[in-house]
Amino acid sequence: MAAISFLGDLLQSISDRGRGLIAFGRDDPAKASVAEVVKLCEDLISRRGEASGVALARIILDRYGSFSRADRHEFLRRIALEFGADHEAVAGAIAAYGKAPSRATLGRLHEAAEPRSQELIRRLNLARDGTIALVRMREDLFSLRDAARKADKPDAALAEAVDSLDSDFEHLFASWFNRGFLVLRRIDWTTPAHILEKIIRYEAVHAISGWDDLRRRIEPPDRRCFAFFHPALLDEPLIFVEVALTTGIAAAIAPILAHERQHTATREATTAIFYSISNCQKGLAGITFGNFLIKQVVEDLCREMPALKTFVTLSPVPGFRTWLDRERRADAPQGLTREDVETLRVLDQPDWHADKAKADAVKKALLPAAAYYFLRAKTPRGKPVDPVARFHLGNGARLERLNHLGDVSPKGLSQGYGLMVNYLYDLAAIEKNHETYANLGTVSASLTVNRELRQNLPPARSVALAEA
């Protein structure tokens, strides 16, 4: 950490000295307009000097940070449209490669084809705290893309340019945030308060109601929390996982989060339950952290507690209610018999889950539908419809168990009619499961789940998703 701090101070010193090397055509660059900041970006990618480049990058990011939302969108719109590749240079490089194919001419073609926006992003990253500023900038780009899609008259050229700029961010972030740079840290009650505050704020699965709730999740000896950090974002967790150490696989979240519960002695724990995984930085969407996090945590827990034999999740099913409601309304429902559709009308009644007779009736129709949802319902790309399923199955986990009324909180009922599932990370089968899923699209599932699937149902159809 001291070395990182020294590097930051050094960059700041370079930036401060570099400011004196920059001549501005205005009295105060802090008041520069969007057009003037775009011109500064042109200056930045044309400069050779390191010191002046670092200083100019910091000025650009500082001014961008002070812009209104509308001005940020205008800045990004111009960068997307104006900082593409030089088409004449690309055409010339293609012609040169066609005449004399070689590594050298191919390299020049690759260089010519790279959008100027990529070099701009690289140079902006030179500034101190440039990385986190760029992550936030990509969040603004998502906002611009959403606004463009909702416009009365969509601009095809802008949409293509924004997607291209986003690809530039994702390409560079994939390199900057690769596993080799990530640092795993345990989050406990001695962790600095400003980081604990972010854990509370970033929790995306089961909301943390305050400091007391957080303490119950990280302080007891049968609870763990781990997070990945990056050297350029020391105080910003990238992703974190909460773990419960138990003597068996849990079927519901309420006992895990209960205010009053019986703690499990560490020496008695045989099972580690990953009950919440939260991505913290929206601007890093598409960059894979979760699979590395789970595997690293499993390794660390195995070293600390060799008695642990079972590693499972207790996961929500965020897409299930939407899918089930669509099939209930369909003329030819998939995964459901006509009797199931009739039975599931109970779901439209308030507090159905609190009535045992109604809940039991729903269970008989809902679990077979859930089995179909996981094992048969597919996206056009042949992947499971549920995003959490795609994540864990892609990591090599096995769909182990369907848990009726595993989460009866308002959120659990609204996204999955209370359904939760366990994904089992069998250390001996992870690689095989991953390969069969990646190559064949095969969903690894237990016999218990497979037995829930109704027979003689119509063939599955693909489901179009707004966001895959």
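Author: A residue is termed buried when its relative accessible area is under 20%, exposed when it is over 50%, and partly exposed in between (1.4 Å probe, protein chains only). This is a predicted model in which local features need pLDDT of at least 70 and side-chain atom pairs count only at pLDDT 80 or more, whereas totals for chains, interfaces and linings use all residues. Residues are numbered from 1 along each chain as its sequence is written, and side-chain values use heavy atoms, with hydrogens and water left out.

Reader: Why is Tyr417 called buried?

Author: The relative accessible area of Tyr417 is 2%, which falls under the limit for buried, and therefore Tyr417 is given that name. Tyr417 is found in the loop between H18 and strand S8 (420-424). Helices (H or I, at least four residues) and strands (E, at least two) are DSSP runs, numbered from the N terminus.

Reader: What makes the phi of Tyr417 worth a remark?

Author: Tyr417 has a positive phi of about 50° although it is not a glycine. Most residues other than glycine have a negative phi. Leu405 also has a positive phi, near 55°, and lies in the loop between strand S7 (398-403) and H18.

Reader: Is Leu405 buried or partly exposed?

Author: Leu405 has 21% relative accessibility, a value between the two limits, so Leu405 counts as partly exposed.

Reader: Why do Gly92 and Leu81 count as partly exposed?

Author: Gly92, in helix H5 (residues 87-99), has a relative accessible area of 40%, and this lies between the limits, so the term applies. Leu81, in helix H4, has 41% relative accessibility and is therefore classed as partly exposed.

Reader: How do you know which residues Leu81 touches?

Author: Contact means heavy atoms within 4.5 Å. Leaving aside residues up to four places away in sequence, Leu81 touches Ala157, Leu158 and Ala161. These three are among the residues of H9 that meet H4, where Leu76, Arg77, Ile79 and Ala80 also take part.

Reader: Why are H4 and H9 called roughly perpendicular?

Author: The axes of helix H4 (residues 69-82) and helix H9 (residues 156-176) come within 8 Å and cross at roughly 90°. Axes are lines fitted to C-alpha atoms, for helices over the stretch in contact, and angles run from 0 to 180 degrees between N-to-C directions. Angles under 35 degrees count as roughly parallel, over 145 as roughly antiparallel, 65 to 115 as roughly perpendicular and the rest as oblique. The crossing of H4 and H9 is therefore roughly perpendicular.

Reader: What makes the pair H2 and H7 roughly perpendicular?

Author: Helix H2 (residues 34-46) and helix H7 (residues 116-124) have axes that come within 9 Å and cross at roughly 85°. This angle lies within the perpendicular range, so H2 is roughly perpendicular to H7. The contact includes Cys41 and Leu44 of H2 and Leu120 and Arg123 of H7.

Reader: Which residues are buried in helix H14, and what do they pack against?

Author: In H14 (residues 320-329), the buried residues are Phe320, Trp323, Leu324, Asp325, Glu327 and Arg328. They pack against helix H15 (338-343), helix H16 (356-375) and helix H18 (410-416).

Reader: How many of the 468 residues are buried, as a percentage?

Author: Buried residues make up 48% of the protein chain, which has 20 helices and eight strands.
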